[in-house]
Amino acid sequence: FVNALGLDGNASTWADNDYHITAGSPCIAAADNTYAPAMDFEGDPRLPPTDIGVDEFVVHLYHVGDAVPGGTISIGVVGSPGDMAFVYLSFELADDPITVPSWGVFRLEFPIVALWAIGPLSSSGVGLQPAVIPISAPVGLTIYLQAAVGHTLSNVDVIEIE
């Protein structure tokens, strides 16, 4: 049933409450959006045609797990299968975000502290990468992430070290 919906059926992913739909799912653009909320569970707009379920299939960056010093979280990217995905990390958001024509808005402040490749994305359109939180990371630190997926910039994901 899970795979028929095009959901990531990885048991460890489900245990972490990752309910993103994947590319090729029959849930994409299959809902009657008469009663659909304006946003999905992550704040992505639910524009017609709406996807079935709590998630819209759009370029999206997210993390799964608790960010604790010495712990590991998963950084997830949703996009089209085969797209290259790169994640940028900064400790601040830009006061004046940069609009990149046909890509979107880059919202992180320079300097970029880290950049790493997640993709190419799998046939499901989802890429997961483990990220170890350094044991020396101070509790209360805020980390901002944004991804470039194919030729589209993602949302900003905010990680708070707990």
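**Ile 75 and the nonpolar core**

Outside its neighbours within four places in sequence, Ile 75 is in contact with Leu 61, Tyr 62, His 63, Val 87, Trp 116, Gly 127, Leu 128, Gln 129, Ala 131, Leu 145 and Ile 159. The model in which these contacts are found is a predicted one.

Two of these partners, Val 87 and Leu 145, stand with Ile 75, Val 77 and Ile 159 as the residues with the most contacts inside the largest nonpolar core, a set of 19 residues. Two or more residues of this core come from each of β2 (72–78), β3 (85–90) and β8 (142–149). The greatest contribution is that of β8, with four residues. Apart from this set there is a second core of five residues, among them Phe 106, Tyr 144, Ala 148 and Leu 153.

These strands belong to a chain whose secondary structure consists of one helix and nine strands. Read from the N terminus, the order is α-β-β-β-β-β-β-β-β-β. Among contacts with a separation of 6 or more, 54% join residues 24 or more positions apart. Of the 162 residues, 36% count as buried.

Buried positions also include a charged pair: both Glu 56 and Arg 46 are buried. They form a salt bridge in which the closest N and O atoms are 3.0 Å apart, and the structure holds one such bridge. Glu 56 and Arg 46 each lie in the loop between α1 and β1 (60–64), 10 residues apart.

On the outside, the accessible surface of the chain comes to about 8500 Å², and carbon and sulfur atoms account for 60% of this area. Part of the surface is a nonpolar patch formed by Met 84, Phe 86 and Leu 115, which together have about 250 Å² of accessible area. Of these residues, Leu 115 is placed in strand β6 (residues 114–117).

How far the model can be read depends on the region. The mean pLDDT of the chain is 85, with 88% of its residues at 70 or more. Confidence is highest in β8, at 97, and lowest in helix α1 (residues 11–15), at a mean of 41. Over residues 1–15 pLDDT stays under 50, although the model has 26 contacts beyond four places in sequence for this stretch. Predicted coordinates should not be read in detail where pLDDT is low. The strand that gives the most to the largest core, β8, is thus also the element with the highest confidence in the chain.

Conventions. Residues are numbered from 1 along each chain as its sequence is written. This is a predicted model: local features need pLDDT of at least 70, side-chain atom pairs count only at pLDDT 80 or more; totals for chains, interfaces and linings use all residues. Side-chain values use heavy atoms; hydrogens and water are left out. Patches are made of residues with over 30% relative accessible area and no salt bridge: like charges are joined within 9 Å, nonpolar side chains (Val, Leu, Ile, Met, Phe, Trp, Tyr) within 5 Å. Accessible areas come from the Shrake-Rupley method with a 1.4 Å probe; for residues, only the protein chains shown count as cover. A salt bridge is a side-chain nitrogen of Lys or Arg within 4 Å of a carboxyl oxygen of Asp or Glu. A nonpolar core is a set of buried Ala, Val, Leu, Ile, Met, Phe, Trp, Tyr and Cys residues joined through side-chain atoms within 4.5 Å. Buried means under 20% relative accessible area, exposed over 50%, partly exposed in between (1.4 Å probe, protein chains only). Contact means heavy atoms within 4.5 Å. pLDDT is the predictor's confidence in each residue, from 0 to 100.
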